[in-house]
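Hi everyone, thanks for making time. I'd like to walk you through a protein chain that's probably new to you, so let's put it on the screen.

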Amino acid sequence: MIVMSVVTALVLLALLTQAGVVAVQRAFPPQGRMIEVDGATLHVVDIGPRDSGPPIVMLHGASSNLEAMRRPLGDLLARDHRVILIDRPGHGWSTRARRQDSTPEVQARMIDEALGKLAIDRAVFVVHSWSGALGARLALDYPRRLAGLVMLAPVTHPWRGGVGRYNEIIATPVIGPLLAYTITLPLGYVLTEPGARNVFLPQVMPDGFVKDSATPLLLRPREFIANAYDLVTLKEAVAAQVARYGEISAPVTVIAGEPDKTVSTNIHARPFAATVPNTKLIVLPDLGHMVQNAVPELVKTEIETMIGKIVPLQAAAD
């Protein structure tokens, strides 16, 4: 009788989850175009004027999608610059064929291929959080594609501890998908907003952020699992690339805050800036993890300052 009750509950939760997936996808449909690359289909939103210098490519962190970079920073930049926002493989409306394709190395290759198909030769990359490791990998493996790199509260180095027990469970075969396809979405509706508020601290989360950033897309089982794989494999991935950071030759600006309770500035931003040549480090007091929301005008100014230095150099090279 107990077994039958458990099975019935799981079936009902699975049906509720599938209904929730349909509702979430209707509420937050894709806004851009799909680009096929080896191992993935990437969702890309391309906004802003085309004849405005090097394009700006924006890459979001974990537990999010391109809308987290679009509002307010991406839309602000797109008034004067071409801005390309990409859902990382497995996130938002991007897919990936293998959940294990979770490392910065693999995702950098996919993004480089997508930019090639968009006929983007060189771009300034703006990366947040998890994508700090991805931006560094792009700079190492595809230096001709990367004209400059602006990193916001980036992950760059190994850290003590893990990434949360629940992520480790979700990345576990069998039991992880079982949970993802039954309880994650109903439970997530309750926990998403408080979780997002914690990431903003000490800043206050903007009203409507969860909806405006399409965060509920994360609760879909396939994306929740992909996100867990990204997180549980990240520490080993950054450990493997740390020794190469001195090879990065592109100009880099790192903007981070204290106290950032999500990604420690002392563990990541400061050591990275000390290792990488031609890096400008900006550490702001009383700034949390969501740099692009807290100080978008400052980030815009730093990006445009970098572009102002890059353009004359490119013209001279041509």
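One term before we start: when I say two residues are in contact, I mean they have heavy atoms within 4.5 Å of each other. Also, what you see is a predicted model, where local features need pLDDT of at least 70 and side-chain atom pairs count only at pLDDT 80 or more, while totals for chains, interfaces and linings use all residues. Residues are numbered from 1 along each chain as its sequence is written, and side-chain values use heavy atoms, with hydrogens and water left out.

Let's begin with T253. Leaving aside neighbours within four places in sequence, T253 is in contact with L149, V150, M151, K280, I282, E302 and M306. T253 sits in strand β8, residues 252-258. By strand I mean a DSSP run of E, at least two residues, and by helix a run of H or I, at least four, both numbered from the N terminus. Is T253 buried or exposed? T253 is buried, because its relative accessible area is 5%, and buried means under 20% (exposed is over 50%, partly exposed is in between, with a 1.4 Å probe and protein chains only).

Now compare a residue on β9, the strand covering residues 279-285: L281. L281 has a relative accessible area of 33%, so L281 counts as partly exposed. With the same neighbours left out, those within four places in sequence, L281 is in contact with V254, A269, R270 and A273. And L281 is 34 Å from L191, C-alpha to C-alpha, with their places 90 residues apart in sequence.

Next, helix α4, residues 131-141. How many of its 11 residues are buried? The count is 10, so to speak mostly covered. Among them are S131, G135 and R137. What do the buried residues of α4 pack against? The list is β3 (56-59), α3 (104-117), β6 (123-128), β7 (146-152), α9 (221-241) and α10 (269-275).

One residue of α4 to look at is A139. A139 counts as buried because its relative accessibility is 8%. Beyond neighbours within four places in sequence, A139 is in contact with L146 and I248.

I248 turns up again in the largest nonpolar core, which has 45 residues. Such a core is a set of buried Ala, Val, Leu, Ile, Met, Phe, Trp, Tyr and Cys residues joined through side-chain atoms within 4.5 Å. The residues with the most contacts inside this core are L42, L59, I86, F125, I248 and F272. A second, separate core of 27 residues includes V45, L287, V291 and V299.

Back to I86 for a moment: outside its neighbours within four places in sequence, I86 is in contact with residues including L42, V57, L59, L66, I111 and L115.

Finally, the whole chain. There are 12 helices and 9 strands, and 53% of the 318 residues count as buried. Looking at contacts between residues at least 6 apart in sequence, 79% join residues at least 24 apart. The C-alpha trace spans about 75 × 40 × 35 Å along its principal axes.

That's my tour, and I'm happy to take questions.
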